[in-house]
Amino acid sequence: MAAQPHNTSFSSGRVVPSFLGYTFTEAPEPWLIQRGLVIYICFFKDADEDLIPKIVNMLLNVKLSENENGEFVSVLDLPGDVLIIPQATLGGKPKGRKMQYHANIEKEKGLELYSQFVTLCEKELAANSKCVEAGVHVKHGTYGNRQVLKLDTNGPYTHLIEF
């Protein structure tokens, strides 16, 4: 059985496994991400820099990916690629027939936290010998822009994690 990747979003969070890979088509050349973790991230108003290490530690170490033996392992132990997608719509709440995003962090502060999050994920994978040996990557979308994603998964498998 192939290992499964996942998705996540934060200060609200989401994790979803994938089987075949991800193509992120916003880049000049589409990115193909193999087995690993897809993280959709959204920061709420009360998020700050102190939250970033906690989020990164949880997401990279939680056992959500299935290895060749059918055991659940972290994306670091798999090892697997990480795709990070800023997803402000995760902070939406319905009001009548419309969605409102009043709980989301202001754009400038969100960009700052997103950049810190991406940088720390990159550092954690670079510091992990299994990830370095396997040549896994961290790829990320652009904060504040609409992005197109094609996703092949091994079933519906999404986790919402809030901090």
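Pro79 sits in the loop that runs between strand E6 (72-73) and strand E7, and in this predicted model the peptide bond leading from Leu78 into Pro79 is cis, with omega near -25°. This proline is a convenient place to enter the structure, since Pro79 is also among the residues in contact with Val136 once the neighbours of Val136 within four places in sequence are set aside.

Val136 itself belongs to the loop between helix H3 (129-134) and strand E10. Because its relative accessible area of 18% falls under the 20% limit, Val136 counts as buried. Besides Pro79, the contacts of Val136 beyond its near neighbours in sequence are with Gly80, Asp81, Leu125 and Cys131. Leu125 lies eleven residues from Val136 in sequence, and the C-alpha atoms of these two residues are 7.8 Å apart. Cys131, another of these partners, is buried with a relative accessible area of 2%, and Cys42 is likewise buried at 2%. The number of disulfides in the model is nevertheless zero.

Leu125 leads on to the nonpolar interior. The largest nonpolar core holds 27 residues, and those touching the most other members are Ile39, Phe43, Leu60, Val82, Ile84, Phe117 and Leu125. At least two residues of this core come from each of strand E4 (36-42), helix H1 (51-61), strand E7 (81-86) and helix H2. Apart from this core there is a second, separate one of five residues, which includes Ile33, Tyr40, Leu83 and Ile85. In soluble globular proteins, nonpolar side chains tend to be buried together.

Helix H2 also takes part in an aromatic pairing. How many aromatic pairs does the model contain? The count is one. Its members are Tyr114 and Tyr143, whose ring centres are 5.6 Å apart and whose planes meet at 40°, so the pair is classed as tilted. The two tyrosines are 29 residues apart and connect distant parts of the chain, with Tyr114 in helix H2 (residues 107-126) and Tyr143 in the loop between strand E10 (138-140) and strand E11 (149-152). Tyr114 has a relative accessibility of 3% and therefore counts as buried.

Thr119 is a further residue of helix H2, but its relative accessibility of 36% places Thr119 in the partly exposed class. Between Thr119 and Val138, which are 19 residues apart along the chain, the C-alpha separation is 9.4 Å.

Turning to the whole chain, the protein comprises three helices and twelve strands, and 44% of its 163 residues count as buried. Among contacts between residues at least 6 apart in sequence, 73% join residues that are at least 24 apart. The protein exposes about 8,700 Å², of which carbon and sulfur atoms supply 52%.

How far the predictor's confidence extends along the chain should be kept in view when reading these details. The mean pLDDT of the protein is 81, and 80% of its residues reach 70 or more. Over residues 1-23, however, the pLDDT is below 50, although this stretch has 156 contacts in the model beyond near neighbours in sequence.

Methods:
Residues numbered from 1 in each chain as written. Heavy atoms only, no water. Phe/Tyr/Trp six-rings, centres within 6.5 Å; stacked < 30°, edge-to-face > 60°. Helix = DSSP H or I, 4+ residues; strand = E, 2+ residues; numbered from the N terminus. Buried < 20%, exposed > 50% of the residue type's maximum accessible area, 1.4 Å probe, protein only. Contact = heavy atoms within 4.5 Å. Areas by Shrake-Rupley, 256 points an atom, 1.4 Å probe, with all protein chains shown as cover. Disulfide = S-S within 2.5 Å. pLDDT = per-residue confidence, 0-100. Core = buried A, V, L, I, M, F, W, Y, C linked by side-chain atoms within 4.5 Å.
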